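Here are my notes on this model, point by point. Have it open on your screen while you read.

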Amino acid sequence: MSIFRRVLVQNTVLFVIISLISAYIICFAFSQYAKQQQSHHLAQLQQLLELDKSTPKQVVKNLKSSFSYQDLRVERLSGEVEHQYQQDKFPFYLSRLLMQTFGLQTHMQTYANQLANLRITYILSQDDIYQIMDNLLYALVTLFFLFIFINTFTIRYQIKRILNKSIQIICRTLTRTQANEPENIAAHTLPKEFSSLAHQLNEMRSTMTQQLKEWQTSAENYRHEATRDVVTGLPNRISFVSSLEEQINDEQTKNFGILAITRASELQYLNQNRGYEAGDQYICDLSQAIQRVGNHYHNALLFRLNGSDFALIIPNVTIKEAENFAKNLFGRFTELQKALETNSIGYTGIVAYEAGDSMGELLALADTGISLAQTKVANGWHIQNDKSILNNVSAKYGNQNWKQVIDDVLESRAVKLFYQPIQPTNKSSKVYSEILARFTNSEGDILPTASFVAMAEKMDKIIELDKLIIDATIQTIQQKNLNTQYFGINITAKSAHDEQFCVWLERRLLRDSFIASKLIFEASEFGLQQNMPASQRFIQMLHRTGARVTVERFGIGFTSFKFFRDIKPDFVKVDGSYSRGIDEDKNNQYFLRVVVDLAHRLGVTVIAESVETQEEKFALEQIFIDGTQGYFIGKPSEL
């Protein structure tokens with residue numbers, strides 16, 4: 001409540017109290033006056049009856065003509081009523097109401113005279129008294145009200161003036177103190193009501209300057225801490241945003257470079273199973289590994305964006321040079337993985353930037369790159385070098401919209417099936433055609449497949465997506481009567497290791513057992529390595545239904561040859577990196593010759609993918625590869 005309101009309320013209460021007290025005093029005084037009138041009238045009445053020997057009627061006439069009554073009753077002593085009068089109408093008087101409230105009203109008086117043989121009971125009329133009292137009360141109330149109203153505004157004005165003056169003096173002094181010009185508040189310059197305040201402020205002045213200096217120092221420290229990560233000591237997201245904006249906002253400078261975002265994949269596992277200290281040490285080791293690789297580049301800046309994400313900005317580096325950076329980082333992570341005995345260390349998405357780019361688009365591309373990297377080998381990386389993806393149909397599919405897009409595809413079963421043939425290198429080789437799924441939006445536009453699959457896995461929709469592809473493949477084989485052909489279907493490791501999916505797939509294949517024998521399910525070597533017991537159960541289930549298994553991207557892991565003993569696949573599809581330029585690479589030729597020889601001894605068919613030239617195809621045939629696949633062999637066609 002404001003000061004003015006408080007003063008107004010206080011004065012109002014005071015006004016009511018004073019008014020009530022004044023009213024009581026006035027009423028009490030007039031009640032005494034009324035009593036005196038009654039007594040005086042009694043003396044006159046006694047004198048009149050003793051001296052006048054008139055008849056009762058004459059007495060009544062004399063009384064009515066001489067006095068004004070409110071109530072009058074004349075009766076003989078024997079009880080016979082000679083005259084009775086009572087006032088019917090009573091005008092409203094505030095004083096009458098107050099006197100009744102205070103219990104000061106005039107009471108009935110009785111006088112009896114033996115000589116006249118009369119008893120007179122009466123109350124004198126007091127309308128004139130009430131009228132005078134009302135006028136006086138109204139005058140006093142008006143006077144008090146005006147006094148209190150004027151007093152309230154006067155006090156308000158004085159308080160406002162005192163406060164304004166005091167605040168000006170205090171603010172002026174504080175301003176000078178903040179400007180390191182300490183100054184005492186002169187007590188005589190303030191109204192006397194605030195002289196004690198001046199004394200207190202002067203006592204504070206001696207410490208205020210020192211406190212202000214300490215606050216300035218603390219503010220600098222807080223600003224520094226606010227831009228630093230506590231665990232690693234690296235600049236945090238605030239610094240990252242500022243640095244990246246500096247690189248891309250000024251189009252005149254023609255800045256360019258690469259942005260690499262690494263996601264620590266084992267942080268949650270280490271925190272839950274080895275404790276938070278181990279998690280913090282893992283984060284520090286990871287940041288040091290990235291920093292060592294980044295130190296080879298001039299002006300490279302490393303940031304920790306959040307709990308598991310790191311960002312490295314490397315100015316003046318092209319996207320082609322980024323591949324060397326990624327390979328070096330992969331090597332560091334692999335060494336750290338062996339030391340920490342974890343399944344992986346981190347996955348990296350890399351994108352090129354230049355002045356004028358959008359920060360949001362760069363982060364979206366890098367995040368998609370991480371999702372794609374997670375579908376590759378442990379500690380994998382992916383360079384998102386095609387920025388045109390932001391200008392085509394996928395541009396409207398930011399991270400926040402992918403879930404809706406994936407749900408729409410699953411609900412409408414918007415999948416188109418293509419196939420790419422695998423060509424046998426000899427008549428005895430039994431190979432198949434690989435099914436390639438493409439997904440469409442509601443307008444019929446083809447979505448970017450790699451990004452779509454990566455985001456489906458990231459949003460835990462990959463199992464439903466695998467089910468959709470399998471159902472669509474079986475239905476297409478039935479509808480188009482393709483029962484004499486063999487088809488390979490890609491399966492993610494997440495689906496292969498999921499018990500409920502395996503139960504569903506077994507029932508689905510047993511329902512169409514003839515078609516099941518025509519299907520080969522492809523799973524990556526890296527994915528199957530993540531859970532060997534689950535992988536073995538998955539392959540055993542497929543063999544029970546008559547289906548077969550291909551281990552794809554074979555040869556890039558550390559334990560590839562153990563698959564011949566533990567997994568026992570039907571086909572092995574070696575990674576495309578061995579096919580490219582194999583006609584000139586003697587090392588790859590020797591490695592594949594060993595793989596083929598060992599696989600054939602165990603009855604495993606070996607397929608080479610990514611065959612792009614006649615020379616590569618010929619070289620692969622010379623080392624007895626069973627089948628070749630690639631754009632040179634055959635491009636994908638709609639099934």
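1. A word on naming before anything else: helices (H or I, at least four residues) and strands (E, at least two) are DSSP runs, numbered from the N terminus. With that in hand, N316 can be placed in the loop between β7 (309-315) and α9 (322-340). Keep in mind throughout that this is a predicted model.

2. The overall picture. The protein chain has 639 residues, and 44% of them are buried. Its secondary structure comes to 22 helices and 19 strands. Take the contacts between residues at least 6 apart in sequence: 70% of these join residues at least 24 apart.

3. Back to N316. What is the sign of its phi? It is positive, at about 60 degrees, although N316 is not a glycine. As background, most residues other than glycine have a negative phi.

4. R413 belongs in the same discussion. Its phi is near 55 degrees, again a positive value in a residue other than glycine. You will find R413 in the loop between α11 (399-412) and β10 (415-421). R413 is partly exposed, because its relative accessible area is 40% and the partly exposed class lies between 20% and 50%. D460 also takes a positive phi, of about 60 degrees, just after α12.

5. Now for helix packing. Two packed helices are described by the angle between their axes and the distance between the axes. For helix α6 (residues 237-248) and helix α10 (residues 359-373), the axes come within 11 Å and cross at roughly 115 degrees. That angle is why α6 counts as roughly perpendicular to α10. The crossing of α6 past α10 is right-handed.

6. Which residues make that contact? On the α6 side they are R237, F240, V241, L244, E245 and I248, and on the α10 side M359, L362 and L363. Sorted by class, the contact of α6 with α10 has seven nonpolar and two charged residues, with no polar ones.

7. α10 has another partner to look at, helix α12 (residues 449-458): here the axes come within 8 Å and cross at roughly 80 degrees. The two helices, α10 and α12, are therefore roughly perpendicular to each other. D367, T368, S371 and L372 of α10 meet A450, S451, A454, M455 and K458 of α12. The contact of α10 with α12 is made up of four nonpolar, three polar and two charged residues. Within α12, the residues S451, F452, A454, M455 and A456 are buried.

8. Is R304 buried or exposed? This arginine of strand β6 (residues 301-304) is buried, because its relative accessible area is 10% and the cut-off is under 20%. Its side chain makes a polar contact with the side chain of D229, at 3.1 Å. Leaving aside neighbours within four places in sequence, R304 is in contact with D229, V231, T232, L234, P235, N236, R237, I283, D309 and F310.

9. L234, one of those contacts of R304, sits in the loop between α5 (195-226) and α6. L234 counts as buried too, at 10% relative accessibility. Its C-alpha atom is separated by 9.5 Å from that of L305, although the two residues are 71 residues apart along the chain. With neighbours within four places in sequence left aside, L234 is in contact with T227, R228, D229, S287, Q291, L302, R304 and F310.

10. Another arginine to check is R508, in helix α15 (residues 499-511). R508 is buried, with a relative accessible area of 6%. A polar contact of 2.7 Å joins its side chain to that of D471. Not counting residues up to four places away in sequence, R508 touches D471 and I474.

11. Finally, look at Y297, in the loop between α8 (276-294) and β6. Y297 is buried, its relative accessible area being 18%. The C-alpha atoms of Y297 and P315 are separated by 8.4 Å, with their positions 18 residues apart along the chain. Leaving aside neighbours within four places in sequence, Y297 is in contact with I314, V317, E321, N324 and F325.

Definitions and conventions. Residues numbered from 1 in each chain as written. Heavy atoms only, no water. Axes fitted to C-alpha atoms, helices over the stretch in contact; angles between N-to-C directions. Parallel < 35°, antiparallel > 145°, perpendicular 65-115°, else oblique. Left-handed = near helix turned anticlockwise from the far one by under 90°. Contact = heavy atoms within 4.5 Å. Nonpolar A, V, L, I, M, F, W, Y, C, P; charged D, E, K, R; others polar. Buried < 20%, exposed > 50% of the residue type's maximum accessible area, 1.4 Å probe, protein only. Polar contact = N/O pair within 3.5 Å; in protein donor to acceptor, adjacent residues only side chain to side chain.
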